[in-house]
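Student: I am new to this structure and would like a close look at a single part of it. Please take me through that part and then show how it sits in the rest of the chain.

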Amino acid sequence: MDSVNVITAPAVDGALVLSGRFQRPLSLSLEALRRYDSVTATAFDLRCYTTNRFIRSVDAYRGVRLTTLIAEAGLPNEVPGEFKRTVFIARGQDGYVVTFSWHELFNTPIGENVLIAYECGGCMLDAEDGAPILFSGSDLLPAPRHVKRLARIEARVLS
Ligand SMILES: Nc1nc2c(c(=O)[nH]1)N[C@H]1C(S)=C(S)[C@@H](COP(=O)(O)O)O[C@H]1N2
Ligand SMILES: [Mo]
């Protein structure tokens, strides 16, 4: 079996799972996400990439950086330089998928603004509000990489 692509069930219902080619796969509840160092984004307009449609204005999110969670799970290190060939696949509970590359997250300014949000405009978000929400704050059109009900971050190393 290809251990890179194992799908594991979340240990906690509604938890965010970091799976695939990590050193230490993680399963994090909203409460667990709130214990990490947080950053606060700026308010923005949610706009669809496909149609350019304005969806709504969104107040400042607060959450943990995706890079913080990836560092906690541990990047692949079996082969020298392997981590630089890693892509991260983020999936919502509904199966909606978006991608990030190691370079983008760790070697461009985009990574600093990729958050897993659990608070908006100073108000706690819970599962009914769609939390945790993945949000890439530097994207030109933010809606595609604004993933509600984020369920999984999977690390895959490209050959
Ligand atoms: N989980 C999930 N998040 C998603 C999507 C989706 O289908 N599932 N669609 C994205 C796209 S393409 C758009 S335009 C917006 C739509 O935002 P809304 O559902 O809040 O109107 O959500 C984004 N986030
Ligand atoms: Mo969209």
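Student: Does R149 count as buried, exposed or partly exposed, and how many C-beta neighbours does R149 have inside 10 Å?

Tutor: The model is a predicted one. In it, R149 counts as partly exposed, because it has 18 C-beta neighbours inside 10 Å, while a residue is buried only at 20 or more and exposed at 12 or fewer.

R149 lies in the loop between β12 (146-147) and β13. Its phi is positive, near 50 degrees, although the residue is not a glycine. Most residues other than glycine have a negative phi. N52 is another non-glycine residue with a positive phi, near 65 degrees. That residue is in the loop between β4 (44-47) and β5 (54-58), and it counts as exposed, with 9 C-beta neighbours inside 10 Å.

R149 is also one of the residues around ligand 1. The others listed there are C48, I55, G92, D94, Y96, A143, P144, H146, V147 and K148. By class, this shell holds six nonpolar, two polar and three charged residues.

From R149 one can step to E128, which is 21 residues away in sequence, with 9.0 Å between the two C-alpha atoms. E128 is in the loop between β10 (123-124) and β11 (133-136). It is exposed, because 6 other C-beta atoms lie within 10 Å and 12 or fewer is the limit for that class. P132 belongs to the loop between β10 and β11 too. The peptide bond leading from A131 to P132 is cis, with omega near -5 degrees. Most peptide bonds are trans.

Beyond the loop of R149 comes β13 (150-157), and S159 is found in the segment after that strand. S159 counts as exposed, with 5 C-beta neighbours inside 10 Å. Between the C-alpha atoms of S159 and S57 there are 40 Å, and the two are 102 residues apart in sequence.

For a buried residue, take V17 in strand β1. It has 22 other C-beta atoms within 10 Å and is buried. Strand β1 (16-20) is among the elements that cover the buried residues of α2, together with β2 (26-28), β6 (61-65), α3 (102-107) and β9 (114-120). Helix α2 spans residues 66-73, and its buried residues are L66, I70 and A73. Seen down the axis of α2, these residues fall within an arc of 65 degrees, so they line one face of the helix. An α-helix has 3.6 residues a turn, so residues three or four places apart point the same way. After α2 comes G74, with a positive phi near 85 degrees.

Now the whole chain. It has three helices and 13 strands. Its radius of gyration is 15 Å, close to the 15 Å that the globule rule gives for 159 residues, so the chain is as compact as a globular protein of that length. The C-alpha trace spans about 45 × 30 × 30 Å along its principal axes. Of the 159 residues, 28% are buried. Among contacts between residues at least 6 apart in sequence, 58% join residues at least 24 apart.

R149 falls inside residues 16-154, which an unreviewed UniProt entry lists as "domain: Oxidoreductase molybdopterin-binding". Over that range the chain is 13% helix and 40% strand, with the end C-alpha atoms 11 Å apart.

Note on methods: Residues numbered from 1 in each chain as written. Chains lettered and ligands numbered in written order. Predicted model: local features only at pLDDT ≥ 70, side-chain atom pairs only at ≥ 80, totals over all residues. Helix = DSSP H or I, 4+ residues; strand = E, 2+ residues; numbered from the N terminus. Arc of directions from axis to C-beta. Contact = placed C-beta atoms within 7 Å. Near = placed C-beta within 6 Å. Nonpolar A, V, L, I, M, F, W, Y, C, P; charged D, E, K, R; others polar. UniProt positions renumbered as here; feature names shortened; annotations may be inferred. Rg over C-alpha atoms; globule rule 2.2 N^0.38 Å.
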